[in-house]
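Visitor: Please take a close look at one part of this protein, the nonpolar interior, and tell me what it is built from.

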Amino acid sequence: MSKNIGRVSGSPSPVRARMAREVVAKLEANPEVKRAKVEAAQMFTYPNFFSDEECAMLVRLIDDAARPSTLLAMHEDPEFRTSSSTDLDRWSEEIWPIDDRIAHTLGIPPVNAETLQGQRYEPGQQFRAHCDYFHENAEYWERMVETGGQRTWTAMVYLNDVEEGGATWFPRAGVRFKPKKGMMLIWNNMQEDGTPNYDTLHEGMRVIEGTKYIVTKWFRENAWIKGPVPTYYSGGEQRT
């Protein structure tokens, strides 16, 4: 039984529940996709989703426009998220086919997807334990409702192997994924009834040796509308 009770801001949603059933059916019908052996969350892997050429291209684009990563809410710990991020142009010739392919693989309309974001973790960098869903009692929630609602599914692709460290760890679900070039990791941030699932708490573990590159695509329950949203650097400073 999940221990989410008392730890989550959110409620059941028929829309999110239906999305979960449809995505799971789509993924389980794909022979390339493997379901992770965990009970706490709906989680899948897709080995070799990106080619070596696609990985190299995305690494180049991330390096070309990397900026310090930010957070939706203030956090006083300066070491909470120390990576770099790059918002990739979804309408560009390089990104559009990739963006569309991710959405098609999950069976979610592309309009529900946020901008594909690249992340770079150099030695010593990390993203401490967090959830991808939005806390519905947070100050930012009203703005999130206006721009597409709750984050439902996450699709993350590793762009390179990492010499040491950099695993994606789900401490409550009891599973850890080592970066593997081209592999896509997919999970539902909701429970089956559409309630936010605290068991999806995860951490981008500290890179010890090498550099880790990934791209992440978050899907909303409704069509995503891009708009200005205040964000913060680790330590509490607001991004201008």
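Guide: What follows describes the nonpolar cores and then two residues outside that description. The model is predicted, so local features are given only at pLDDT of at least 70 and side-chain atom pairs only at pLDDT 80 or more, while totals for chains, interfaces and linings use all residues. Residues are numbered from 1 along each chain as its sequence is written, and side-chain values use heavy atoms, without hydrogens and water.

A nonpolar core here is a set of buried Ala, Val, Leu, Ile, Met, Phe, Trp, Tyr and Cys residues joined through side-chain atoms within 4.5 Å; buried means under 20% relative accessible area, with a 1.4 Å probe and protein chains only. The largest such core holds 34 residues, and Phe50 and Trp153 have the most contacts inside it. At least two residues each come from several elements, among them helix H1 (14–28), helix H3 (95–106) and strand E7 (151–158). Helices (H or I, at least four residues) and strands (E, at least two) are DSSP runs numbered from the N terminus. H2 gives the most, six residues.

Contact means heavy atoms within 4.5 Å. Beyond its neighbours within four places in sequence, Phe50 is in contact with residues including Cys55, Leu58, Ile98, Ile102 and Val215. A second, separate core has 20 residues, including Met43, Leu71, Met156 and Tyr158.

Asn48 lies in the loop between strand E2 (43–46) and helix H2 (52–64). Asn48 counts as exposed (over 50%) because its relative accessibility is 60%. Its phi is positive, about 55°, although Asn48 is not a glycine. Most residues other than glycine have a negative phi.
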